[in-house]
Amino acid sequence: MTAPERIVITALWLVAALVFAALYGPALAVVTTSFFDLKGQSIDWSSFSLHWYAGLTDNPEMLAALGHTLVVAAAAVLLALVLALGLAWYMKTGTRRGRPFVEFVIFLPFVLPGIITGISLLVAFRELGIERSLVTVTIGHTVLVLAILYRMVSVRLDSLETSQIEASLDLGATGLQTFLFVVLPQLRSAIVTGALLAFTLSFDETLVTFFLVGGDATLPIRLWAMMRVGFTPEVNALVALVLLATMTLAVLGALSLKDSMAARR
């Protein structure tokens, strides 16, 4: 390796290090301050403790907001997954009539700015006489994340051999049996990956939630409200736990995708 090549490679490593520091530095700072106290503008490295984590139990409003967020995200992903599977399966085996229009309706809320989607849903619920609540938030998140799951599932379905479906039907299986025992196992990686992406998007969605939420605030809305008066130290502990859970889900999703690809080989 020549000297100019070494200089270029070193420069690229430095740029990569700066990018990673800019991306993950704030998260690392939050995790660090969840274990140590601050004295002025510096960290007291001798004050290691878990009392901020224990203090979460004394903040019922924060825990309630976290619970609301988890329930909304899980329900939205489940509803969107059912809709995505049904629509993608129909487009694969049905007449495909109206597919451009259906996909336009599915993808439009996702590509529009969040404020437009939120206001549109708010107006629709008001015209229908539906009060804002966690139910309206769940519906809004379902509309938002449906595009991710539908895209993941439909791409995987289009890559499947049609002969597998035809063979299953020729052997006497019903359409439901063919879907459950032939098609669905091959969609596992797409479902897991899409569900993780959709859950992450729903978990930190703020704009759509802001217009649809009622008296029960989700975690992003709760944190946004706290910005005006300042964050309590327990927030750092909660963010650290959320980061740990997110990283765990990402690793599990990657392992599931790897196992699925190895099985197809």
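**Exercise 1. Work out how helix 4 and helix 6 pack, and how their packing should be labelled.**

Solution. Start with the geometry: in this predicted model, helix 4 (residues 99-111) sits against helix 6 (residues 134-159) at an angle of about 135 degrees, and the axes are 6 Å apart. Next, pick the label. Angles over 145 degrees would count as roughly antiparallel, and 65 to 115 as roughly perpendicular. The angle here is about 135 degrees, so helix 4 is oblique to helix 6. Last, the handedness: helix 4 passes helix 6 in a left-handed crossing.

**Exercise 2. Find the residues that make the contact between helix 4 and helix 6, and sort them by class.**

Solution. Take helix 4 to begin with: it contributes Arg-99, Glu-103, Ile-106, Phe-107, Pro-109 and Phe-110. From helix 6 come Val-143, Leu-144, Leu-146, Ala-147, Ile-148, Tyr-150, Arg-151 and Asp-158. Now sort them: you should end up with 10 nonpolar residues, four charged ones and no polar ones.

**Exercise 3. Look for aromatic pairs, then describe the one formed by Phe-35 and Tyr-53.**

Solution. A full search turns up six aromatic pairs in the structure. For Phe-35 and Tyr-53, the ring centres are 5.2 Å apart and the planes make an angle of 35 degrees, which gives a tilted pair. Then place the partners: Phe-35 is in the loop between helix 1 (3-33) and strand 1 (37-39), while Tyr-53 is in helix 2 (residues 51-54), so the pair ties together parts 18 residues apart in sequence. Finally, check burial. Phe-35 has 23% relative accessibility and counts as partly exposed, whereas Tyr-53, at 18%, is buried.

**Exercise 4. Do likewise for Phe-107 and Tyr-150.**

Solution. Here the centres are 6.0 Å apart with 65 degrees between the planes, so call the pair edge-to-face, since the cut-off for that label is over 60 degrees. Phe-107 belongs to helix 4 and Tyr-150 to helix 6, so this pair ties together parts 43 residues apart in sequence. You've already met both residues in the contact between these helices. As for burial, Phe-107 is partly exposed with a relative accessible area of 24%, but Tyr-150 is buried at 1%.

**Exercise 5. Describe the packing of helix 3 against helix 11, including the residue classes.**

Solution. Helix 3 (residues 60-93) and helix 11 (residues 219-226) meet at an angle of about 140 degrees, with axes 7 Å apart. Helix 3 brings Glu-61, Met-62, Ala-65, Leu-66 and Thr-69; helix 11 brings Leu-219, Pro-220, Arg-222, Leu-223 and Met-226. Sorted by class, that's seven nonpolar, one polar and two charged residues.

Terms used
Residues numbered from 1 in each chain as written. Predicted model: local features only at pLDDT ≥ 70, side-chain atom pairs only at ≥ 80, totals over all residues. Heavy atoms only, no water. Axes fitted to C-alpha atoms, helices over the stretch in contact; angles between N-to-C directions. Helix = DSSP H or I, 4+ residues; strand = E, 2+ residues; numbered from the N terminus. Parallel < 35°, antiparallel > 145°, perpendicular 65-115°, else oblique. Left-handed = near helix turned anticlockwise from the far one by under 90°. Contact = heavy atoms within 4.5 Å. Nonpolar A, V, L, I, M, F, W, Y, C, P; charged D, E, K, R; others polar. Phe/Tyr/Trp six-rings, centres within 6.5 Å; stacked < 30°, edge-to-face > 60°. Buried < 20%, exposed > 50% of the residue type's maximum accessible area, 1.4 Å probe, protein only.
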